[in-house]
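Work through these exercises with the model open beside you. Try each task before reading its solution.

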Amino acid sequence: MIDQLVAGTLMLAMTLILLTVVWQVISRYILQDPASVTEELSRFLLIWIGLLGAAFAYRQKVHLGFNLIVEKQSELVRKYILTLVELLVITFCATTLLFGGSQLVSLTLELEQISAALGIRMGYVYVVLPVSGLLLIWYGLINIHNLWLADEEGAL
């Protein structure tokens, strides 16, 4: 369910950024009257696509990784190494994306920081930081569960 929601959000954001950039090109080069909101909207969409896309790639296990050393280890050592890596990812996401991102969202909403062209509160743009942090933490916990319990119960 969560994976489908993230995938749907990414598809919508990709569609919107495509339409925004196409309109930007049309308005600038064909109409000779550049739209003022397209550059900022495409930038904000790219932030959301980058962070949600990272979480989605992590879930699908298509992120970059260095497996050469891990694959040469015994099964038990491999599980411990992969668990350590997952715990490091969870720790980073909890401190940086979840905690730090929540602080940023709170601060920008409190200060009522408004974007220049769109006129939206920047806290709404930054809310993707704690959201992607939560997703990455959740996916990290699922990965640990699957690593140790998949043989007995089946993978999530």
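**Exercise 1.** Does K61 count as buried or exposed, and why?

*Solution.* Start with the ground rules. This is a predicted model, in which local features need pLDDT of at least 70, side-chain atom pairs count only at pLDDT 80 or more, and totals for chains, interfaces and linings use all residues. Residues are numbered from 1 along each chain as its sequence is written, and side-chain values use heavy atoms, with hydrogens and water left out.

Next, the cut-offs. Buried means under 20% relative accessible area, exposed means over 50%, and partly exposed lies in between (1.4 Å probe, protein chains only). K61 has 55% relative accessibility, so K61 counts as exposed.

**Exercise 2.** Find where K61 and E112 sit, and state the sign of phi for each.

*Solution.* Take K61 first. K61 is in the loop between α2 (38-60) and α3. Helices here are DSSP runs (H or I, at least four residues), numbered from the N terminus. Phi of K61 is positive, near 60 degrees. Now take E112. E112 lies in the loop between α4 and α5. Its phi is also positive, near 55 degrees. Most residues other than glycine have a negative phi. Last, check exposure: E112 counts as exposed because its relative accessibility is 53%.

**Exercise 3.** Test the length of helix α1 (residues 2-30) against its expected span.

*Solution.* The expected span is 1.5 Å times one less than the number of residues. For the 29 residues of α1, this gives 42 Å. The end C-alpha atoms of α1 are 41 Å apart, which agrees. Then look for buried residues in α1: among them are V6, L10, I17 and S27. Finally, step past the helix: α1 is followed by Q32, with a positive phi near 55 degrees.

**Exercise 4.** Describe the largest pocket: its volume, its lining and the elements behind it.

*Solution.* A pocket is an open set of points on a 1 Å grid over the protein atoms alone, where a 1.4 Å probe fits, with protein on both sides within 12 Å along at least five of seven lines. The volume is the space filled by probe spheres set on the points. Here it is about 540 Å³. Lining residues have an atom within 4 Å of a point. There are 20 of them, and K61, H63, N67, L82 and E86 lie nearest the centre. The elements giving two or more residues are α3 (68-71), α4 (75-110) and α6 (128-153). α4 gives the most, with six residues.
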